[in-house]
Amino acid sequence: MKKLILALAIIFCAIYSVNSQESHFGVKAGVNFASIGGDDTEDADGRTSFHVGVLAELMFTDQFGIQPEVLYSSQGAKAEDSESGFTAKGELKLDYINVPILAKYIFSPGFSAHLGPQIGFLTNAELEYEESFGGETISGTEDVKEFMNDIDFGVAGGLGYKLDMGLFFNARYVLGISDINDDDDSDYSQQNNVFQFSVGYMF
């Protein structure tokens, strides 16, 4: 709850600290194609999940403005290994409250591009696993939040299209730039990466 309040506070500070020519508010939801990059991630597969949230469009001119958002985003990765009759599967589920603050440029009627920083607040981290050997299977779920960083930084950029009625579509890539693991004494580093496809409505 504290993280959600902080995220909302960032949004409202951005809204009331600018003198926008035109302001709109909206909701959005969509699919995540998430992955984890960095050290020792060659065998990791992507994880498909979702995001949902609210946003504001604050235009300074007819073409340029900012777009702050607050999104619940489910991310992570999967992995599977099999050798000599032993099979192991794992799925890392990372849930964030993400707050992107994006510069928005409308380059053609209805079409826009956006780019800017994103900060994420980790709310949940679980590892689901399944191991099979000799006809026996062991499975379970572990809480791994204590091993993960509570704060995640990234850079988001993408394209959008909005209809006159307010319905809009977005495609975005978020590149993680901070280590998701909470171990300051290690050179081992991994980052979140997410493709997002969204549909929403602007009021």
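Start by selecting Asp40: at 59% relative accessibility, Asp40 counts as exposed. You'll find Asp40 in the loop between β1 (22-38) and β2. This is a predicted model, so treat each stop as a look at a prediction. Check the backbone while you're here: Asp40 has a positive phi of about 55 degrees, although it isn't a glycine.

**The largest pocket**

Keep Asp40 on and add Ala79, Leu92, Tyr188 and Gln190. Among the 17 residues that line the largest pocket, these five, Asp40 included, are the closest to its centre. The space in that pocket comes to about 460 Å³. Now colour β4 and β5, since each of these strands supplies at least two residues of the lining of the largest pocket.

**Along the strands**

Next, show strand β2 (residues 44-45) together with strand β4 (residues 64-83). They pair in the antiparallel sense, over 2 bridges. Click on Ala44 and look across into β4: its bridge partner there is Ala79. You've already met Ala79, one of the residues closest to the centre of the largest pocket.

Which strand is joined to β4 by 7 bridges? That's strand β3 (residues 47-59), and the two run antiparallel. Pick Gly53 and you can find its bridge partner, Leu71, in β4. β3 and β4 form a hairpin, with 4 residues between them.

Now bring in strand β5 (residues 86-108). How many bridges join β4 to β5? There are 18, and again the strands run antiparallel. For one of them, select Gly76, whose bridge partner in β5 is Lys93. Then go to the turn: the hairpin of β4 and β5 has 2 residues between the strands, and Ser84 takes a positive phi near 50 degrees in this hairpin.

**Glu57 and its partners**

Jump back to strand β3 and select Glu57, which lies in it. Is Glu57 buried or exposed? Glu57 has a relative accessible area of 3%, which is under the 20% cut-off, so Glu57 counts as buried.

Turn on the side chains around Glu57. One polar contact, of 2.5 Å, joins the side chains of Glu57 and Lys104. Another, of 3.1 Å, joins the side chains of Glu57 and Lys162. Both lysines are also on the list of residues in contact with Glu57 once its neighbours within four places in sequence are left aside; the others are Glu22, Ser23, His24, Ile66 and Met202.

If you'd like a distance to draw, go from the C-alpha of Glu57 to the C-alpha of Leu102. The two residues are 45 apart in sequence and 9.6 Å apart in space.

**Asn98 and the cavity**

Stay with β5 and select Asn98, which has its place in that strand. Asn98 is buried, with a relative accessible area of 2%. Its side chain makes a polar contact with the side chain of Gln75, at 3.0 Å. For the wider surroundings, leave aside the neighbours within four places in sequence: Asn98 is then in contact with Glu69, Val70, Leu71, Ser73, Gln75, Gln118, Ile119, Gly120 and Phe121. Leu71 should look familiar from the Gly53 stop, where it was the bridge partner in β4.

Now for the empty space beside these side chains. The structure holds 1 cavity of 30 Å³ or more, and the largest cavity has a volume of about 60 Å³. Asn98, Gln75 and Gln118 are among the residues that line it. To fill in the rest of the lining, add Asp152, Phe153, Gly154, Val174, Gly176, Asn192, Val194 and Gln196. The elements giving two or more residues to this lining are β8 (151-162), β9 (167-176) and β10 (190-202).

**Aromatic rings**

Last stop: the rings. The structure holds 7 aromatic pairs. Select Tyr201 and Phe203 for an edge-to-face example, with 5.2 Å centre to centre and 75 degrees between the planes. Switch on the surface to compare the two: Tyr201 is partly exposed, at 31% relative accessibility, whereas Phe203 is exposed, with a relative accessible area of 61%.

To finish, select Phe107, Phe111 and Tyr161, which ring pairs link into a cluster.

Terms used
Residues numbered from 1 in each chain as written. Predicted model: local features only at pLDDT ≥ 70, side-chain atom pairs only at ≥ 80, totals over all residues. Heavy atoms only, no water. Pairing = 2+ DSSP bridges. Buried < 20%, exposed > 50% of the residue type's maximum accessible area, 1.4 Å probe, protein only. Polar contact = N/O pair within 3.5 Å; in protein donor to acceptor, adjacent residues only side chain to side chain. Contact = heavy atoms within 4.5 Å. Phe/Tyr/Trp six-rings, centres within 6.5 Å; stacked < 30°, edge-to-face > 60°. 1 Å grid on protein atoms, 1.4 Å probe; cavity = no way out; pocket = protein on both sides within 12 Å on 5 of 7 lines; lining within 4 Å. Points joined across faces, edges and corners; volume = space filled by probe spheres on them.
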